[in-house]
Amino acid sequence: MSINPIPVIAIDGPSASGKGTVAQLVAEKLGYHYLDSGALYRIIALAAFEQNVDWQAEQAIATLIPQLNIKFEHGEIYLNDSNVSEKIRTEQMGQGASKVAAHPLVRLALVDLQHSFRKAPGLVADGRDMATVIFPDAKTKIFLTASAEVRAERRYKQLINKGLEADYQAILKDLQDRDARDSQRSVAPLQQAHDASLLETSQLNIEEAVNSALQAIPANLQ
Ligand code: CDP
């Protein structure tokens, strides 16, 4: 296999760990491109839902994927030319994403699309298997996490700040269900790569987490 010189910073971690926010800020800081791989699984869940395809129907979903026109433009996400940025962020689509993401054929159908984000001068990729499966040659690998209770509290506050109703215990249970499904699936389970640095953010605010992530990135990539 030929060596790809374009650097990748892989940031993996569980739901609501803040890795998306940290990854975006690191990408901005470095002037790199950004891949939100979780958004892809959310889009697939939404597309299946809208076409009445069951989230358990592995083959049917995998067949659907090549027909989808997915675009990321100026921070907005489009599916077949309709802006789905808001629609894919619901808890329902989060649960759907974790169900469709457990199918090997679905993961396989998204590999080339994820690789296509690797463009000069570099890429920050966030997800569950960026360091282990999609970009095993990433220059920097970070496993960003926080306790389930802290993550549930962060999500709870986000919802309340948006003026939405929220139930802390229900959020905690959803996160724990999703953690269990993501870590126990047979294909590309959520796990820390052996060569990844652990970034525990339970006691850190966003700025501190971004600074710690930047410290893990070699100076020649900054
Ligand atoms: O926002 P949150 O962290 O809750 O989730 P997300 O990053 O948007 O990902 C949604 C779901 O997609 C996760 O629960 C995973 O099951 C799945 N996923 C995955 O399997 N592999 C990835 N590289 C990214 C997400």
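**Figure 1. Residues around the ligand in the predicted model.** In this predicted model, the ligand is surrounded by 19 residues, and among these S15, R42, R107, D182 and R185 come nearest. Sorted by class, the shell around the ligand is made up of nine charged, five polar and five nonpolar residues. Three helices, α2 (37–50), α4 (91–100) and α9 (168–184), each supply at least two residues of this shell, and α2 gives the most, with four residues.

**Figure 2. Polar atoms close to the ligand.** Which atoms of the ligand lie close to S37, A16 and R128? For S37, a polar side-chain atom lies 2.9 Å from a nitrogen atom of the ligand. For R128, an N or O atom in the side chain is 3.2 Å from an oxygen atom of the ligand, whereas for A16 a backbone N or O atom lies 3.5 Å from an oxygen atom of the ligand. Taken alone, the ligand exposes 530 Å², and the protein buries 95% of that area.

**Figure 3. Serine 15, one of the residues that come nearest to the ligand.** S15, which is among the residues nearest to the ligand, is found in the loop between β1 and α1 (19–30). Is S15 buried or exposed? Its relative accessibility is 3%, and because a residue counts as buried when that value is under 20%, S15 is placed in the buried class. The side chain of S15 makes a polar contact with the side chain of R178, at 3.2 Å. When residues up to four places away in sequence are not counted, S15 touches R128, R151, R155, L175, R178 and D179.

**Figure 4. Aspartate 12 in strand β1.** D12 lies in strand β1, and it counts as buried because its relative accessibility is 2%. Where does the side chain of D12 reach backbone nitrogen atoms? One is the backbone nitrogen of M130, at 2.8 Å, and another is the backbone nitrogen of R128, at 3.2 Å. With neighbours within four places in sequence left aside, the residues in contact with D12 are K19, G127, R128, D129, M130, A131, I142, F143 and L144. D12 and E73 are 61 residues apart in sequence, and their C-alpha atoms are 23 Å apart in space.

**Figure 5. Aspartate 36 in strand β2.** D36 is found in strand β2, which covers residues 33–36. The relative accessible area of D36 is 14%, so D36 is buried. Apart from neighbours within four places in sequence, D36 is in contact with F72, R89 and D126.

**Figure 6. The largest nonpolar core and a second, separate core.** The largest nonpolar core has 39 residues, and those with the most contacts inside it are L35, I44, L79 and F135. Strands β1 (8–12), β4 (76–79) and β6 (123–127) and helices α2, α3 (58–64), α4 and α7 (130–134) each supply at least two residues of this core. Which element gives the most to this core? Helix α2 does, with nine residues. Taking F135 as one member of the core, and leaving aside its neighbours within four places in sequence, the view shows F135 in contact with V8, L35, Q114, H115, R118, L123, A125, M130 and K141. A second, separate core has 18 residues, including A23, V124, I217 and L221.

**Figure 7. A cis peptide bond and two positive phi values.** Most residues other than glycine have a negative phi, and most peptide bonds are trans. A cis peptide bond, with omega of about 5°, joins A120 and P121, and P121 is found in the loop between α6 (111–115) and β6. H74, a residue other than glycine, has a positive phi near 45°, and H74 lies in the loop between β3 (70–73) and β4. Because its relative accessibility is 81%, H74 counts as exposed. N80 also has a positive phi, near 45°, and N80 is found in the loop between β4 and β5 (82–83). At a relative accessibility of 39%, N80 counts as partly exposed.

Terms used: Residues numbered from 1 in each chain as written. Predicted model: local features only at pLDDT ≥ 70, side-chain atom pairs only at ≥ 80, totals over all residues. Heavy atoms only, no water. Near = heavy atom within 4 Å. Polar contact = N/O pair within 3.5 Å; in protein donor to acceptor, adjacent residues only side chain to side chain. Areas by Shrake-Rupley, 256 points an atom, 1.4 Å probe, with all protein chains shown as cover. Nonpolar A, V, L, I, M, F, W, Y, C, P; charged D, E, K, R; others polar. Core = buried A, V, L, I, M, F, W, Y, C linked by side-chain atoms within 4.5 Å. Buried < 20%, exposed > 50% of the residue type's maximum accessible area, 1.4 Å probe, protein only. Contact = heavy atoms within 4.5 Å.
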